[in-house]
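This briefing introduces a structure to a reader who has not met it before. The sequence and the structure are shown first, and the notes after them are grouped by topic.

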Amino acid sequence: MEMTDGAGVLTQKNDYSVWAIPPEDVRERLKKLMGGLRSEFGGPEIFQPHITVVGAMSLTEQEALEKFRSACEGLKPYHAKADSVVAGAFPSQCLYLLFQSTPEVMDASAHCCRHFGYKRSNQYMPRLSLLYGTLTKEEKKAAQEKAYLLDESINGMNFQVSRLALWITDRGDKGNLETWKLIAESSLSPD
């Protein structure tokens, strides 16, 4: 349901998340890996390889855009280094690439969270989902092994994050992610 304030401005709230977007060459490498996993284990296509920086928050689009722009203005590009492929407990974390919790990575997330007023319930765990779905323990183990077969050097992946994106990520969409939508992107300035 859309609502407006007295001035006619939309006040509908959606769930918004901030993602770190890998460079194009890394995205292509990850898409190939994700496609190979999905072809064997199923699951919806993940729109864009990404590391979640700020988890889903209920905001109006105007609030989300203002907070996103403010967060991006004060953030410099930073490096992210993959650690290992991990099987998780939730469909959105069925299989993911865990990144090292370096001060750079942790500070970037904390910076953005401050701008969004986002309070974490757990410590930040930088990760990039490779496969969404509900698999058995045995299937997850097989998917982990398949990930290493498809990309033997995935653990050593290292890249500079120089772009962030703001997405609508409806927490109620547990199926095919059709409600997820890109709202804005921003390049991070080195100076």
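Leaving aside neighbours within four places in sequence, Q93 is in contact with A87, G88, M125 and R127. The model in which these contacts are found is a predicted one. The points below begin with Q93 and then turn to the nonpolar cores, a pair of helices, the salt bridges and one further residue.

**The surroundings of Q93**

- Q93 is placed in the loop that runs between β3 (78-87) and β4 (95-99).
- Q93 counts as buried because its relative accessibility is 13%, and the limit for a buried residue is under 20%.

**Nonpolar cores**

- In soluble globular proteins, nonpolar side chains have a tendency to be buried together.
- Here the largest nonpolar core comprises 50 residues.
- Within that core, the residues with the most contacts are L30, Y78, L97, F116, L130, L164 and L166.
- A second core, separate from the largest one, has six residues, among them W19, I21, Y132 and W180.

**The pairing of helices α1 and α4**

- Helix α1 covers residues 24-41 and helix α4 covers residues 137-150; their axes come within 10 Å and cross at roughly 145°.
- The crossing in which α1 passes α4 is right-handed.
- On the α1 side, the residues that take part in the contact are L33, G36, L37, E40 and F41.
- On the α4 side, these meet E139, A142, A143, K146, A147 and L150.
- By character, the residues of this contact between α1 and α4 divide into seven nonpolar, one polar and three charged.

**Salt bridges**

- Six salt bridges are found in a search of the whole structure, and three of them are described here.
- In helix α1, the side chains of E28 and K31 form a salt bridge with an N to O distance of 3.8 Å.
- E28 and K31 are three residues apart in that helix, which is about one turn.
- E28 is partly exposed, with a relative accessible area of 40%, and K31 is also partly exposed, at 37% relative accessibility.
- In helix α4, E145 is joined to K141 by a salt bridge whose closest N and O atoms are 3.4 Å apart.
- E145 and K141 are four residues apart, again about one turn of the helix.
- E145 counts as partly exposed because its relative accessibility is 43%, a value that lies between the limits of 20% and 50%.
- A further salt bridge joins E185 to R163, with 2.3 Å between the closest N and O atoms.
- This pair links distant parts of the chain, since E185 is in strand β8 (residues 181-187) and R163 is in strand β7 (residues 163-168), 22 residues apart.
- E185 has a relative accessible area of 37% and is partly exposed, while R163 counts as partly exposed at 21% relative accessibility.

**E66 and its position relative to F116**

- E66 belongs to helix α2, which covers residues 61-73.
- At 47% relative accessibility, E66 counts as partly exposed.
- E66 and F116 are separated by 50 residues in sequence, and their C-alpha atoms are 9.2 Å apart in space.
- F116 is also one of the residues with the most contacts inside the largest nonpolar core.

Terms used: Residues numbered from 1 in each chain as written. Predicted model: local features only at pLDDT ≥ 70, side-chain atom pairs only at ≥ 80, totals over all residues. Heavy atoms only, no water. Axes fitted to C-alpha atoms, helices over the stretch in contact; angles between N-to-C directions. Helix = DSSP H or I, 4+ residues; strand = E, 2+ residues; numbered from the N terminus. Left-handed = near helix turned anticlockwise from the far one by under 90°. Contact = heavy atoms within 4.5 Å. Nonpolar A, V, L, I, M, F, W, Y, C, P; charged D, E, K, R; others polar. Core = buried A, V, L, I, M, F, W, Y, C linked by side-chain atoms within 4.5 Å. Buried < 20%, exposed > 50% of the residue type's maximum accessible area, 1.4 Å probe, protein only. Salt bridge = Lys/Arg side-chain N within 4 Å of Asp/Glu carboxyl O.
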